[in-house]
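Reader: I should like to discuss the terms used for this protein, and the grounds on which each is applied. Please set each value against its definition.

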Amino acid sequence: MNPYPVIDSRQAEHLDLQDLYHQMDTGSQGLTDEEAHHRALSYGPNALKETKHSPFLRFLGYFWGPIPWMIEIAAILSALVRHWDDFTIICVLLFFNAGVGFWQEYKAANALEALKKQLALKARVLRDGIWAEIAALELVPGDMIRIRLGDIIPADLKLAEGEYLSIDQSTLTGESLPVSKKTGDVAYSGSVVKQGEMLALVISTGEKTYFGRTAGLVESAGNASHFQKAVLSIGDYLIYMSLGLVVVLMLVQLFRGAPLLELVQFALILTVASIPVAMPAVLSVTMAVGAMALSRKKAIVSRLEAIEEMAGIDILCSDKTGTLTQNRLALGNPVVFEAENVQDLILAAALASKEEDADPIDLAILAALNGKTLLSGYNQTRFVPFDPVTKRTEAQVTGPDGMSFRVSKGAPQVIVALAAVDKAQAARANSVIEEFAEKGYRTLGVARSMEKGKWVFLGILPLSDPPRSDSRETIAQAQAHGIKVKMITGDDVAIAREIAGQIGLGRDIQPVVGLFDKEMPEHLSESAARSIETADGFAQVFPEHKYGIVKALQGRGHLVAMTGDGVNDAPALKQADVGIAVSGATDAARAASDLILTAPGLSVIVNAVEEARRIFERMHSYAVYRITETIRIMVFVVAAMIAFGFYPITAVMIILLAFFNDVPIMTIAYDHTRVDPGPVRWDMPLVITVATVMGITGTAGSFLMLYLALHWLHLSIPKVQTYIFLKMAVAGHLTLFVSRSRGSYVSKPYPAPVMIWSAVATKVAATLLCVYGLGLVTPISWGKVALIWGYSITWSFVTDWTKIAVYRHWGLATSRHYRFLEILHHPLHPYGVIPPR
């Protein structure tokens, strides 16, 4: 029995805060670590219980479905015609496919679980009188926590202290507008803080919360990406082609008087061998392994299909602060206006700050004070945190003399307007701001209220945030990868241009004010859209402008990545092809992003793009290989049977071939691949063309081998079947190596060792089987084996040559195509009605 009370969130709305403290045996100072530990044992973790399916039942699931049914029917037919060798091998294949699929799903699930743990929500909690950050999972009823702008509320809370909160509950209640909350109100788990900052009492956690667990940051692997849909459509095409060939084969063989049961059994096995059985496992493990590799590079994927989109981005809109700069602010030489002296100015700014929020600007100001003892006589009775819309903080303070006054700090233009200074002072302030901006300084205005609430402009604080040491080099790397970097900043144009010049970006920095219509910001003129496309960056940006910038660039045909860190960045992060939450981003920004960075700097993003392109290349290799193999096996077997009137390979051999090929293909997830110098996107006509040409070349090679076996070596039919089986087994893996590169397959980067050794091991096993038979195939001599190996290796170079020829021809055709379009779109061309590219 739970010794602690369970408070219903709805009841808590009608209870006084002091009554809740009494009922929950806690107070405004929160709990001790020891008490929290005892409560955690009683209440359990702050999460919903996940439904765990039995591994055994998941394993059995691999025996249910269209492909397993076909294999199972083939096994039953083998038993009916008393082909026990076939029956045994088919059953082994059935269990092998189930085992491989289960194991790969298990690995992918473990990888995703590890990523989820890295993305666990955090909470700022008061334990033993000290503020600390812990995992939201560890919160217990009775804890006191601090919530602020951008947080996802981690539990049901009773708001205890602070000015107000504006909370977005749309995902929970469907309310389209944020809801204002004040002291004494209840805030529900999973909603997002849009404005404000407050202390709150945790009243319910986990399954006891009113709306359930906090928003999950990681989606499962179940959503199909563009690539998965494309490959699945290829799978459908291969199935239809296989079924069509099988129907032709059955009609011909029935006309020749072949036994029906044996024919159906062979047709089923041939169809199963032609269908990409391993495709789901290959997709899931390649994506999961890639996601883990990205996490080691300090980039955590929250949506697996974003890996494909990341490989194709050609524009990166990057925040300046913390990504291009160090985010280590230092105070320069302040300029005093109405303050008594510099320290008086800094003191006012410090009183408008909150140290426990660990805001970089606040910390820089506090560090510039001549000792924190200066703050000891002041009591901050009310604090309004920085808001992206108002662009300032404000605090109500009681001084040592008992007098109450307000202080505010923020964007200089905002503070100047707040203080309503005269024209001369405004002109001086603007001159100071511009002078600092030209030197790369950010500036803050500081004001204090006097008698009758009148604000007085105290002065300007310059803050320097120098560029990161690796920014210039990383931007050059991004440009070398075909990615144009555009800087996004809320700072003044002059500051943005200065920083852009220092890090190697162009100095074409556009203020967004002139680009967007105030009345209808989502509507852009053609000239504004062109300016956004050509600009090197944007200054004086508000969060809502980011969304417009992304939409404009996407409208111009670009794949766009956008970085963000605040709750108001969420729409832009969602709209971007790849939304990137930078290191230190709010929970809301992380929830809206596809990629979450755990280390600062642009280099992390460039590394992630490189890794995504490697993953893309592995997927491309698999697509080419899978189509090639289906054509190579299916077309050859059906055509040979129709032409020569006998099975070129037996049903058992087809099953063994599928077994020997499926093992090494799993290792493609670990393959070493080149990094494409430019953005990559799926070109299915190219994939199908290359694979078809390779497949036809392989089919021609098999027919030539069959001719040599029959008319040069004069082998018996059983030995011919073994001969063809070994040829197709050896050539199959050579096809995998050929398909993994666009140049010569013996050039760098070489295949991963695991890929080579898995191929060697299975081919050695196939070779030994063909030499010794083992009751499954008719043995052939070592001399014949050597001939097959030599022929297969030689023919792989023929296949490689045809592949390279197709790529070269395709590239030439593409160049001509674009040249034609450029001529057609030229304004002097009689049909040049489309704007030039």
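Author: By the distance rule for salt bridges (a side-chain nitrogen of Lys or Arg within 4 Å of a carboxyl oxygen of Asp or Glu), the count comes to 24. The model is predicted: local features need pLDDT of at least 70, side-chain atom pairs count only at pLDDT 80 or more, and totals for chains, interfaces and linings use all residues. Residues are numbered from 1 along each chain as its sequence is written, and side-chain values use heavy atoms, with hydrogens and water left out.

Reader: What makes glutamate 526 and arginine 556 a salt bridge?

Author: The closest N and O atoms of glutamate 526 and arginine 556 are 2.5 Å apart; the limit is 4 Å, so the pair qualifies. The two residues link distant parts of the chain, 30 residues apart: glutamate 526 is in helix α18 (residues 526-534), and arginine 556 is in the loop between α19 and β20 (560-564). Helices here are DSSP runs of H or I with at least four residues, and strands are runs of E with at least two, numbered from the N terminus.

Reader: Why is glutamate 526 called partly exposed?

Author: Buried means under 20% relative accessible area and exposed means over 50%, with partly exposed in between (1.4 Å probe, protein chains only). Glutamate 526 has a relative accessible area of 46%, and is therefore partly exposed. Arginine 556, with 29%, is also partly exposed.

Reader: How do you know whether glutamate 617, which meets arginine 742 in a salt bridge, is buried or exposed?

Author: The relative accessible area of glutamate 617 is 2%, so this residue is buried. Arginine 742 has 25% and therefore counts as partly exposed. Their side chains meet at 3.5 Å, N to O. This pair also links distant parts of the chain, with arginine 742 in the loop between α25 and α26, glutamate 617 in helix α22, and their positions 125 residues apart.

Reader: Which salt bridge has both residues in helix α22?

Author: Glutamate 611 and arginine 614 both lie in helix α22, 3 residues apart, about one turn of the helix. Their closest N and O atoms are 3.4 Å apart. Glutamate 611 has 7% relative accessibility and so counts as buried, whereas arginine 614, at 22%, counts as partly exposed. Elsewhere, Arg382, Arg392, Glu394 and Arg406 are linked in a network of salt bridges.

Reader: What makes a set of residues a nonpolar core?

Author: A nonpolar core is a set of buried Ala, Val, Leu, Ile, Met, Phe, Trp, Tyr and Cys residues joined through side-chain atoms within 4.5 Å. The largest such core has 123 residues, and those with the most contacts inside it are Ile307 and Phe725. Helix α22 (residues 603-644) gives the largest share of this core, 22 residues. A contact means heavy atoms within 4.5 Å. Leaving aside residues up to four places away in sequence, isoleucine 307 touches Met287, Ala291, Leu294, Val301, Ala612 and Ile615.

Reader: How do you know that β17 pairs with strand β9 and with strand β19?

Author: Two strands pair if DSSP finds at least two bridges between them. Strand β9 (residues 315-319) and β17 have 5 bridges, in the parallel sense, and 2 bridges join β17 to strand β19 (residues 537-539), also parallel. The bridge partner of aspartate 319 is isoleucine 488, and that of methionine 487 is glycine 537. Strand β17 (residues 484-488) is mostly covered, with 4 of its 5 residues buried.

Reader: Why is attention drawn to alanine 420, glutamine 540 and the bond before proline 749?

Author: Most residues other than glycine have a negative phi, and most peptide bonds are trans. Phi of alanine 420 is near 50 degrees, a positive value, and phi of glutamine 540 is near 55 degrees, likewise positive. A cis peptide bond joins lysine 748 and proline 749, with omega about -5 degrees. Alanine 420 lies in the loop between α14 (412-419) and α15 (423-438); its relative accessible area is 62%, so alanine 420 is exposed. Glutamine 540, in the loop between β19 and α19 (543-555), has 25% relative accessibility and therefore counts as partly exposed.
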